[in-house]
Structure formats: structure tokens, C-alpha cells
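Please load the model in a viewer and keep the selection panel open. The tour below goes from element to element.

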Amino acid sequence: MDDQSLSDSSIVKSSATTESFHVISEPAVLYLGTPVVLITSENEDGSPNISPMSSAWWLGWGCMLGLLGSSKTTENMRRTGECVLNVASIDMASAVDRLALTTGSNPVPSNKMEMGVQFVPDKFGHAGLTPANSDIVRSPRIHESPVQLESKVHNEYQYGANNPRVRTELVTFEVCIERIHVDSRILVEGNPNRIDPDKWRPLIMSFREFYGLGDKVQPSRLSEFPEYYYKHPKFRGPES
Ligand SMILES: Cc1cc2nc3c(=O)[nH]c(=O)nc-3n(C[C@H](O)[C@H](O)[C@H](O)COP(=O)(O)O)c2cc1C
């Protein structure tokens, strides 16, 4: 191919890719596809509560959680200052679905009533999940979850107070992760500190439906340096 035909073909390509199919859209929710987390917390009588949620993002050994102000989990986290974040795998989809439209709040808050939410005092029994004792916090871990993060609340922030499109009270919690339990079957062979993304199959909630991840799309430059560079040097061990 000579220089002239090369530049001609690139012009054709760029004009084709600039054609826009976008329209102005106002989705009611922006559930664009995030992992499902089951938050376990302790009720005032010492019994456990479980809440499915997916407004979570991770930074270092911490996490930001977006929750309804009216949820039992919010009340419990405020009172106890702790929780466990049990990240759901695709195998847990039906258990997560059984917990949808349930609350540990009695009476059911009015903003949840129109959605058909029902009070369920025993969420573990209702979902068919198994509690396991935590090491550091009082809330139990969920045995079936391959990644369980014992966490403490470090901050609570108001969310959306000046956003006219936010329809109900929302809060965000910043939690610090204190201990992580990982199912050894999703680890990189011979390294207890590395989760193998080819083995870890998180459950994804996208626009209220459940999905898994597809295959790896292409090699990633970010994964070319050792993962332990992300770790604070004080916490690097022999296996990093
Ligand atoms: C897959 C899924 C994801 C959810 N994500 C969130 C979320 O990110 N934040 C939230 O406040 N509620 C979320 N919910 C709704 C809560 O589970 C719901 O408010 C529930 O009543 C909370 O339980 P609790 O009142 O016992 O804490 C989600 C529900 C499901 C099924």
C-alpha cells in the first residue's frame, strides 16, 4: 500500500467512527454495572442483618458505600461503627435475589413500601446463607462469599443534599478494611496475597439485572508491574 492510499483509508475510518448515535436520555437510575456486596451488620438485639447493595467503590484498603438513609444497615453501621462486606460471586445470585425487596426495619420505611419491600428478621435463613464468626468485628461473615472484608466505619458523609434529582435521604460511609478472608480457590497458585482475576467471578448488577464478567478483553499495561507496589511498604511481607 502506498502512502497516499494509507492516508485515504484512515480518513474513511475516522469519518465512520465520528458518526453519532447519541440522544439526550434521562434514565431514572444509573446502575451502570457494579459488583454486588452483601453488607452484614449487627442489629440492636445482637442478631445479624444482611443488605444487598452495589454502590460501592474501593480505594486502597478502604471502601465508599452509598446507602439509603432509611435502611436498617445504615442505622446499624451508625450505632456499631462496623460491618462486613461480603462480595458476591455469580454462584450467589439466587441468594442475593431472595434478599431483594427485604428489610430488617420494622415497620418498613414509607419510601420502601411502594416498592413492595417486606420486613424479614432472619435474613440468613431467608436467603439460605451461612453465618461465620468474624475475627475483629461482631457482625458475622457470610460463609458462601469468596471475599469477606471485616470493616470499621471511619466517616459518614451526607450525599446529594444539593442535587435536585435525589429523591430520598442518601448517605455515604467511608470504611477502613481491617481483615480480608479469601477463598483459597480464587487465589493465584502459591501466593496467598493475590486474587486471580481469571478465577474470581463477581456478580454484577446492571440496571437491576444480574450479570457475570465476560472473558479478558485484551492484555493490560497496568498489570505489567508487580501488584505489591500498591501495598504500603510497612505491610509488605515475604510473599508481598
Ligand atoms: C442487587 C441489589 C443492589 C442494591 N444496591 C443498593 C445500593 O447500592 N444502595 C442501597 O441503599 N440499596 C441498595 N439496594 C437495596 C437494599 O438492599 C434495600 O434498601 C434493603 O431494604 C436494605 O436492607 P436493610 O434495610 O435491612 O438494610 C440493592 C438491592 C439489590 C437487590
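Start with helix 2 and show the side chains of Lys72, Thr73, Thr74, Asn76 and Met77: these are the buried residues of the helix. The model is a predicted one. In general, residues three or four places apart in an α-helix point the same way, because there are 3.6 residues a turn. Next, step off the end of the helix to glycine 81, which follows helix 2 and has a positive phi, near 70°.

Now bring up the sheet beside the helix. Select strands 3, 2, 6, 11, 12, 5 and 4, in that order: these seven strands make an open sheet with antiparallel pairing. At its edges are strand 3 and strand 4 (56-59), each of them paired on one side only. From one strand to the next, the twist averages 30°. Return to helix 2 with this sheet displayed: the helix packs on it and touches strand 2, strand 3, strand 5, strand 6, strand 11 (147-159) and strand 12 (170-182). Looking along strand 2, the direction of helix 2 makes about 55° with that of the strand.

Stay with strand 2 (residues 37-42) and add strand 6 (residues 82-87). The two pair in the antiparallel sense over four bridges. Which residue of strand 6 stands opposite valine 37? Pick valine 87 to see the partner.

Then select the ligand and what surrounds it. There are 21 residues around the ligand, and those that come nearest are Ser55, Thr73, Ala100, Thr103 and Gly104. Colour by element to see that strand 3 (48-53), strand 5 (62-68) and helix 2 (72-80) each give two or more residues to this shell. Strand 3 gives the most, with four residues. Thr73 has already been on screen, as one of the buried residues of helix 2. Colour the shell by class instead, and the count is nine nonpolar, 10 polar and two charged residues.

The last stop is another sheet. Select strands 1, 13 and 14, which form an open sheet in the order 1-13-14, again with antiparallel pairing. Strand 1 (32-35) and strand 14 (209-211) are the edge strands, and each pairs on one side only. Neighbouring strands here are turned against each other by 30° on average, direction ignored. Zoom in on strand 13 (residues 204-206) and strand 14, which pair in the antiparallel sense over three bridges. To finish, label methionine 205 and, opposite it in strand 14, phenylalanine 210.

Conventions. Residues numbered from 1 in each chain as written. Predicted model: local features only at pLDDT ≥ 70, side-chain atom pairs only at ≥ 80, totals over all residues. Near = placed C-beta within 6 Å. Nonpolar A, V, L, I, M, F, W, Y, C, P; charged D, E, K, R; others polar. Pairing = 2+ DSSP bridges. Axes fitted to C-alpha atoms, helices over the stretch in contact; angles between N-to-C directions. Contact = placed C-beta atoms within 7 Å. Buried ≥ 20, exposed ≤ 12 C-beta atoms within 10 Å, placed from the backbone.
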